[in-house]
Amino acid sequence: MTDAFAGVRLLGPPEMDGEYIALSEHDVVHLHDYERVYAVPGLYEYVVQERLQCRSPQVVAEGFVKAAARLDLDLDLGLDSVTVLDVGAGTGLVGELVRRGGVGRIVGVDSLLAARMACLRDRPDVYVDYVVGDFLLGDALREALGRYSFGGLVSAGAFGGTHATPRALENALAVLLPGAPVAFTIDERWMDEADPDGFGAAVKRLVADGGFVVTERTRFLHRVTTTGQPIFYELITGHVG
């Protein structure tokens with residue numbers, strides 16, 4: 001994979017206003033231009049996982065398995081009675097890792113058709129279903145997922161910032177069975193409880209209302225920027241109340 005992308009360069013301030021990938025001298029794309037990045041097989045994994053050392057997929061997969069173990073769930077590989085929802089499934093890396101951790105059935109959800117197409121191309125056997133939809137739109141996605149009984153939720157970096165909002169998190173938790181284990185990672189900047197519209201305040205409300213029980217909050221190095229600066233996230237694990 002490294003040889004195939006030998007000419008790829010990472011760009012950031014002061015050269016660029018933001019984080020970019022130079023695929024060639026005349027082809028530069030934004031790091032979060034997922035439709036362009038996902039269109040090239042292996043490019044996302046090479047840039048984000050290898051070059052930028054992203055750890056969220058591994059951290060959240062391990063966190064989910066631990067959260068499930070705390071609840072004494074049977075996660076033997078191939079067990080069809082436990083279906084896990086992967087929010088912001090992307091190219092399927094998190095789903096693949098959770099499967100390795102012992103989960104037998106996973107349904108992926110992403111707001112981008114390009115993500116679904118990339119996953120079916122690169123990891124066609126990870127999910128029993130991959131639905132394109134947005135939890136902000138609530139009813140339409142809930143209808144598409146209605147045939148499943150979700151016994152868990154996992155999500156790496158899908159919530160916060162320009163991604164899904166606190167309302168999307170609440171809607172996602174609402175489709176889970178009572179007691180279902182949950183693990184997600186999120187930029188620590190979005191967990192400031194002083195921001196009434198942020199995730200920190202939303203999680204606090206969910207806990208106070210009995211809708212969510214937090215069992216772990218751990219700060220970790222999510223990845224580095226294209227200029228080598230650290231980005232810290234939090235791992236949040238728990239279960240639906």
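Reader: How many of the 11 residues of β10 are buried?
Author: This is a predicted model, where local features need pLDDT of at least 70, side-chain atom pairs count only at pLDDT 80 or more, and totals for chains, interfaces and linings use all residues. Residues are numbered from 1 along each chain as its sequence is written, and side-chain values use heavy atoms, with hydrogens and water left out. Buried means under 20% relative accessible area, exposed over 50%, partly exposed in between (1.4 Å probe, protein chains only). By that cut-off β10 is mostly covered, and its buried count is 9.

Reader: Which element of the protein chain has the highest confidence?
Author: Going by pLDDT (the predictor's confidence in each residue, from 0 to 100), the chain has a mean of 92, with 95% of its residues at 70 or more. The low end is α6, at a mean of 86. The high end, at 98, is helix α5 (residues 113-122).

Reader: How many strands does the secondary structure of the protein chain come to?
Author: Elements here are DSSP runs, numbered from the N terminus: helices are H or I with at least four residues, strands are E with at least two. On that basis the chain has 8 helices, and its strands number 10.

Reader: Which residue stands opposite R223 in β10?
Author: Two strands pair if DSSP finds at least two bridges between them. β10 runs antiparallel to β8, with 7 bridges, and P181 sits across from H239 there. β10 also runs antiparallel to β9 (residues 212-224), this time with 11 bridges. In β10, the residue facing R223 is I231.

Reader: Which residue takes a positive phi in the hairpin of β9 and β10?
Author: That hairpin has 5 residues between the strands. The positive phi, near 90°, belongs to G228.

Reader: By what angle are neighbouring strands of the β1-β2-β3 sheet turned against each other on average?
Author: This open sheet has 3 strands with antiparallel pairing, and its edge strands, β1 (9-11) and β3 (27-30), each pair on one side only. 3 bridges link β1 to β2 (residues 20-24), with R9 opposite A22. Axes are lines fitted to C-alpha atoms (for helices, over the stretch in contact), and angles run from 0 to 180 degrees between N-to-C directions. With direction ignored, the average turn between neighbours is 30°.

Reader: Which element gives the largest share of the largest nonpolar core?
Author: A nonpolar core is a set of buried Ala, Val, Leu, Ile, Met, Phe, Trp, Tyr and Cys residues joined through side-chain atoms within 4.5 Å. The largest one has 31 residues, and L85, F135, L145, F159, L176 and F184 have the most contacts inside it. Elements giving it two or more residues include β4, α6, β8 and β10. The largest share, 4 residues, comes from α7.

Reader: Which strands do the buried residues of α7 pack against?
Author: In α7 (residues 166-174) the buried residues are P166, A168, L169, N171, A172 and L173. Contact means heavy atoms within 4.5 Å. The helices they pack against are α6 (139-145) and α8 (199-208), and the strands are β4 (83-87), β7 (150-156), β8 (181-187) and β10 (230-240).

Reader: What radius of gyration does the protein chain have?
Author: The radius is taken over C-alpha atoms, and the globule rule is 2.2 Å times the number of residues to the power 0.38. The C-alpha trace spans about 55 × 40 × 30 Å along its principal axes, and 51% of the 241 residues count as buried. With 241 residues, a compact globule would come out near 18 Å, so the rule agrees with the chain's own value, 18 Å.
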